[in-house]
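Here is a note for someone opening this structure for the first time. The points below deal with open and enclosed space, then with helix packing and ring pairs.

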Amino acid sequence: MATCPPCPTRPPTLPHTQPRWWQLTWVRYGALIVLLALSGLVILALVREQTGTQGFLVGLGLAVFPVPLLVAAFRWLDRVDPGPWRNLLFSFAWGACAAALIAIVANSFATRWIATATADPTGADTLGATVIAPVVEESAKAAAVLLVFLFRRRNFTGIVDGVVIAGVTATGFAFTENILYLGTAFGTDQLTGDRGIASVTAATFFVRVVMSPFAHPLFTVLTGIGFGIAALSADRHRLRRVLLPLSGLLLAMGMHALWNGSASLGEYGFFAVYAAFMVPAFGLLTWLAIWTRQRELGTVRAELPVYAVAGWLAPAEPFALGSMRARRIARRYARQHAGKPTERVVAEYEAYATSLAFLRQRGRRGRAGADYVVRERELLTELWRRREAARPALDYAARATAPPLPVAVPPWPAYGPHAAPAPARYTAPAPYAMPVHTSYTAYPAQNPYRS
């Protein structure tokens, strides 16, 4: 709905309803930070023990190369409705610390147990790489997506959110794993004396960082897509909300197993799997992510006009907010004319308006929670507080990106005594055109919450 009823008053908190100490927010945050910090210290010690100090530093310096590019790519994908940075920081830290620690300990224990039970170390290594590692690693990375899905449900609303959280988690995991592999390769080169392109370090860097930096993100993104589709499902479809993430996790494990097993398929097995499966899958998932992002922009353009009719938004704002180019122009205009603080206000305005559009879409489809009205009011209040700074910039962006006016070409003039007069020139109205001098005093000066 476009307007909100008066906000319901919150009943007084009774003494017996006070949360327990372990339910307090700061306690949960503190426990999570301590857990990730301890995991990071343990994984640091384990990797340094296996690679040595010099190998660890070399591996760290080489493994950091793909991280900014991958994080920037996922952040770009999330620009329509950007989630909070704390979710991305948690995801990366979980992948780099907790998930990596779980994988190293569980993989080592399982491989040693299989080697002892079968007395076949070579077969145990192959089985561990193709069966144990995909199950353990994908489950450990999926735990981060599950935690965000359960405890940050407001920021997890669709496929793009699942892709971003899963991709950043896998980027952190691959970062730690690359340190281990590159550091070990450097130690091998120190023993054999190899240098330059012919070294094991160079070959490892080429395969893991240059050819396949997207491998781990590609696997875990399948899990994220499952959670994203589950987020689009109504609460009453409980079975679907459970089966979809599990299906995505199983697909991630299968592709991970195929990737790890490619080394045992012969001399060219790796390249065959890379060309036949990895590259097409990467292209398909990239197309799906970009297509979903464009659909999100279409949702913004379709859902916000009702708020413009009610006076909450300016008439041209739905068009401007549904275009990434118009958004960039609005932020740049605000920065040039009012400074960076106003640019941040415009960015916040865009984010709140996008969240409002998605909330209304979920409400129309019956997928909104019980707090729909309260959440809608919160978003409208945040928009109203920022309207004075954001509206001029969005108005300018809407006029700068509006399609040109279609002008009818007059007919070719006739000659002679029976020539008919030319019809009057007709100019079709522009659907998003606004007056050059827009006066915002036309909007309700009083608080629109008042009846």
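1. A pocket here is an open set of grid points with protein on both sides within 12 Å along at least five of seven lines, and its volume is the space filled by probe spheres set on the points. The model is predicted. In these terms, the second largest pocket holds about 880 Å³ of space.

2. What lines the second largest pocket? There are 37 lining residues, and Asp 81, Arg 154, Asn 155, Ser 355 and Arg 375 lie nearest the centre. Helices α12 (324-338), α13 (340-364) and α14 (372-385) each supply at least two lining residues. The largest share comes from α13, with ten residues. Sorted by class, this lining has 17 charged, 14 nonpolar and six polar residues.

3. The largest pocket has a volume of about 1300 Å³. It is lined by 45 residues, and those closest to its centre are Ala 129, Glu 177, Tyr 181, Arg 208 and Asn 260. The lining of the largest pocket consists of 23 nonpolar, 17 polar and five charged residues.

4. Which helices supply the lining of the largest pocket? At least two residues each come from α1 (25-63), α2 (66-77), α3 (85-118), α4 (121-151), α5 (159-192), α6 (200-211), α7 (215-232) and α8 (238-261). Helix α5 gives the most, namely ten residues.

5. On enclosed space, the structure has one cavity of 30 Å³ or more. The largest cavity contains about 60 Å³ of space. Its lining is made up of Asp 78, Gly 83, Pro 84, Asn 87, Leu 88, Asn 155, Asp 161, Val 164 and Ile 165. The elements giving two or more residues to this lining are α3 and α5, and the largest share, three residues, is from α5. By class, four of the lining residues are nonpolar, three polar and two charged. Asn 155 appears in this lining and also among the residues nearest the centre of the second largest pocket.

6. How do α1 and α5 pack? Their axes are 7 Å apart and meet at an angle of about 85 degrees. Angles of 65 to 115 degrees count as roughly perpendicular, so α1 is roughly perpendicular to α5. On the α1 side, the residues in contact include Ile 43, Val 47, Phe 56 and Leu 60. On the α5 side, they include Phe 175, Ile 179, Leu 182 and Phe 186. The contact has twelve nonpolar and ten polar residues, with no charged ones.

7. Aromatic pairs number 14 when ring centres within 6.5 Å are taken as paired. One of the pairs is Phe 214 with Tyr 274, whose ring centres are 6.5 Å apart. Their planes stand at 40 degrees, so this pair is tilted. Phe 214 is in the loop between α6 and α7, while Tyr 274 belongs to helix α9 (residues 269-303). The two residues are 60 residues apart, and their pair links distant parts of the chain.

How values were computed: Residues numbered from 1 in each chain as written. Predicted model: local features only at pLDDT ≥ 70, side-chain atom pairs only at ≥ 80, totals over all residues. Heavy atoms only, no water. 1 Å grid on protein atoms, 1.4 Å probe; cavity = no way out; pocket = protein on both sides within 12 Å on 5 of 7 lines; lining within 4 Å. Helix = DSSP H or I, 4+ residues; strand = E, 2+ residues; numbered from the N terminus. Nonpolar A, V, L, I, M, F, W, Y, C, P; charged D, E, K, R; others polar. Axes fitted to C-alpha atoms, helices over the stretch in contact; angles between N-to-C directions. Parallel < 35°, antiparallel > 145°, perpendicular 65-115°, else oblique. Contact = heavy atoms within 4.5 Å. Phe/Tyr/Trp six-rings, centres within 6.5 Å; stacked < 30°, edge-to-face > 60°.
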